[in-house]
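User: I would like to learn how to read a structure feature by feature. Can we take it step by step?

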Amino acid sequence: MAMTYVCSPLSADTRAATLTNAAKAISYMAMAEREFGERAVAPHAYLPYLLDDRVPAERALALEFGQKLLTLCSRLVVYGARISDGMRKEIATAQQLGIPIYYRDDAGGLRDAV
């Protein structure tokens with residue numbers, strides 16, 4: 001089954017804000033599933049509950065997991081206007097692998113590439 005990879009910011013100044021971003025990723029997964037009709041995955045929607053993004057080794061593990069998961073996906077959808085460092089790496093990986101990249105605003109509407 002093909003999957004859509006959801007790319008959106010996670011890191012924030014506080015743990016509460018990070019968890020808010022994780023919750024947004026869950027809503028982006030639902031939007032992507034409706035739009036593309038395939039399972040959508042966003043490891044940053046649940047990994048903050050298992051790993052601490054502020055601990056470098058745990059952040060590295062989460063980013064590595066996301067990169068490996070991306071290789072199994074048929075597209076990457078970037079949500080929101082802010083592109084974080086982690087998102088830049090995911091976008092670069094998708095480009096290297098020839099995975100199509102789509103850009104959406106916070107509400108799921110089309111937006112121009114950054």
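Analyst: Let us start at the chain's far segment. This is a predicted model. Gly 109 touches Tyr 103 and Arg 104, leaving out residues up to four places away in sequence.

User: Where does Gly 109 lie relative to β4?

Analyst: Gly 109 sits in the segment after β4, which spans 101–104.

User: Is Gly 109 buried, partly exposed or exposed?

Analyst: Read the relative accessible area against the cut-offs: under 20% is buried, over 50% is exposed. Gly 109 has 26%, so it is partly exposed.

User: What separates Gly 109 from Ser 8 in space?

Analyst: Their C-alpha atoms are 14 Å apart. Along the chain, Gly 109 and Ser 8 are 101 residues apart.

User: Now the interior. How should I read a nonpolar core?

Analyst: In soluble globular proteins, nonpolar side chains tend to be buried together. Here the largest nonpolar core has 15 residues. Those with the most contacts inside this core are Tyr 5, Cys 7, Val 41, Leu 70, Leu 76, Val 78 and Ile 91.

User: Which elements each supply at least two residues of this core?

Analyst: Two strands and two helices do: β1 (3–7), β3 (75–79), α2 (56–70) and α3 (85–97).

User: Take one member. What is Ile 91 in contact with, leaving aside neighbours within four places in sequence?

Analyst: Ile 91 contacts Cys 7, Leu 76, Val 78, Ile 83, Ile 101 and Tyr 103. Of these, Cys 7, Leu 76 and Val 78 are also listed among the core residues with the most contacts.

User: How many residues are in the second core?

Analyst: That separate core has 12 residues. Among them are Tyr 28, Met 29, Ala 40 and Ala 45.

User: What about a charged residue such as Arg 75? Is Arg 75 buried or exposed?

Analyst: Check the area first, then the partners. Arg 75 is found in strand β3. Its relative accessible area is 13%, and the cut-off for buried is under 20%, so Arg 75 is buried.

User: Which side chain makes a polar contact with the side chain of Arg 75?

Analyst: The side chain of Thr 4 does, at 2.8 Å. Beyond four places in sequence, the contacts of Arg 75 are Met 3, Thr 4, Tyr 5, Phe 36, Glu 38, Ile 99, Pro 100 and Tyr 102.

User: And Asn 21, where does that residue lie?

Analyst: Asn 21 lies in helix α1, residues 15–36. Asn 21 is buried, with a relative accessible area of 13%. Setting aside neighbours within four places in sequence, Asn 21 is in contact with Pro 9, Leu 10, Ser 11, Ala 12 and Arg 82.

User: Next, empty space. How many cavities of 30 Å³ or more are there?

Analyst: Count, then volume, then lining. There is one cavity of 30 Å³ or more. The largest cavity holds about 50 Å³ of space. Its lining is Ala 12, Thr 14, Arg 15, Thr 18, Asp 52, Asp 53 and Arg 54. By class, that is one nonpolar, two polar and four charged residues.

User: What is the volume of the largest pocket?

Analyst: About 300 Å³. The lining has 24 residues, with Leu 10, His 44, Asp 53, Arg 59 and Leu 63 nearest the pocket's centre.

User: Which helix gives the largest share of that lining?

Analyst: α2, with six residues. Both α2 and α3 supply at least two residues each. The lining divides into 10 nonpolar, seven polar and seven charged residues.

Terms used: Residues numbered from 1 in each chain as written. Predicted model: local features only at pLDDT ≥ 70, side-chain atom pairs only at ≥ 80, totals over all residues. Heavy atoms only, no water. Core = buried A, V, L, I, M, F, W, Y, C linked by side-chain atoms within 4.5 Å. Buried < 20%, exposed > 50% of the residue type's maximum accessible area, 1.4 Å probe, protein only. Helix = DSSP H or I, 4+ residues; strand = E, 2+ residues; numbered from the N terminus. Contact = heavy atoms within 4.5 Å. 1 Å grid on protein atoms, 1.4 Å probe; cavity = no way out; pocket = protein on both sides within 12 Å on 5 of 7 lines; lining within 4 Å. Points joined across faces, edges and corners; volume = space filled by probe spheres on them. Nonpolar A, V, L, I, M, F, W, Y, C, P; charged D, E, K, R; others polar. Polar contact = N/O pair within 3.5 Å; in protein donor to acceptor, adjacent residues only side chain to side chain.
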